[in-house]
Amino acid sequence: MAEFGGSAILARLIEQLRKLPGIGPRSAERIAFHLLKLDRDEALALADAIRAVKEDLRACRECFNLAENELCHICSDHRRDRSQIVVVEQPKDVLSLEATGLVSGVYHVLMGHIAPLEGVGPEDLTIAALIERARRGGVREVVLATNPTAEGDATALHIANLLAGTGVTVTRLARGLAPGSHLEYANRAMLEEAFRGRQHL
Ligand SMILES: [Zn+2]
């Protein structure tokens, strides 16, 4: 571990910052020195925000989105249409789809995708809970909004097969999204088009 001005404490902060996505050694150093200059309250507010994310956020009991309480803000909103469940891979995708303003339904977060080569099978995701929700009744449509990647497609197909015969309409986002792309990087217009043009599976 490199030491900065002989301070192992500062070096430790830089090491931690370097683990963040998109932060190289130079940026880590710059942020560390910036934090050093902040007053105590400001710097500790950041530490507190990190602690709160790990200690006070949990998975929604119903949809596995990030939640501060038992239910996330979407599941606890009585205006949402519970007959439509939009299935996504991760909580970030909920944010992307919410930004389009087109989803009146609720979500289900899978917490990943089926990836046999990485040792991720259906049982490692929240698929069983989704099927249970769909079977509980009152669900009209399940929109499979997994990423248009090989894994996302395989996951969508697996879920569609499990839902066959339940009477629930299963749709998939339209192909406006480039194959191999990810929802989180799609712009709002592309996502709107994909959601509007969703097709029966
Ligand atoms: Zn929820």
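In this predicted model, the side chains of T171 and E141 are joined by a polar contact of 2.7 Å. T171 is placed in strand β6, which covers residues 169-172. With a relative accessibility of 3%, T171 counts as buried, because buried means under 20%. Apart from its neighbours within four places in sequence, T171 is in contact with E141, V142, V143 and L144, and also with R198, Q199, H200 and L201. E141 is thus named both as the polar partner of T171 and among its contacts.

A second site of interest is the zinc ion. Its protein donors are the SG atoms of C60, C63, C72 and C75, which lie 2.3 Å from the ion. Along the chain, these donors follow the spacing C-x2-C-x8-C-x2-C. C60 is located in the loop between β1 (58-59) and β2 (66-67), while C72 is in the loop between β2 and β3 (81-88), so the pair ties together parts that are twelve residues apart in sequence.

The angles subtended by the four donor atoms around the zinc ion run from 104 to 117°, and the arrangement is therefore tetrahedral. For comparison, the ideal angle for four tetrahedral donors at a metal is 109.5 degrees.

The relative accessibility of residues from both sites is listed below.

| Residue | Relative accessibility | Class |
|---|---|---|
| C60 | 0% | buried |
| C72 | 1% | buried |
| T171 | 3% | buried |

The zinc donors C60 and C72 are buried, and T171 in strand β6 is likewise buried.

Technical notes. Residues numbered from 1 in each chain as written. Predicted model: local features only at pLDDT ≥ 70, side-chain atom pairs only at ≥ 80, totals over all residues. Heavy atoms only, no water. Donors = N, O, S within 2.8 Å, 3.2 Å for Na, K, Ca; no water. Tetrahedral: all angles 85-135°; square planar, octahedral: opposite > 155°, others 65-115°. Helix = DSSP H or I, 4+ residues; strand = E, 2+ residues; numbered from the N terminus. Buried < 20%, exposed > 50% of the residue type's maximum accessible area, 1.4 Å probe, protein only. Polar contact = N/O pair within 3.5 Å; in protein donor to acceptor, adjacent residues only side chain to side chain. Contact = heavy atoms within 4.5 Å.
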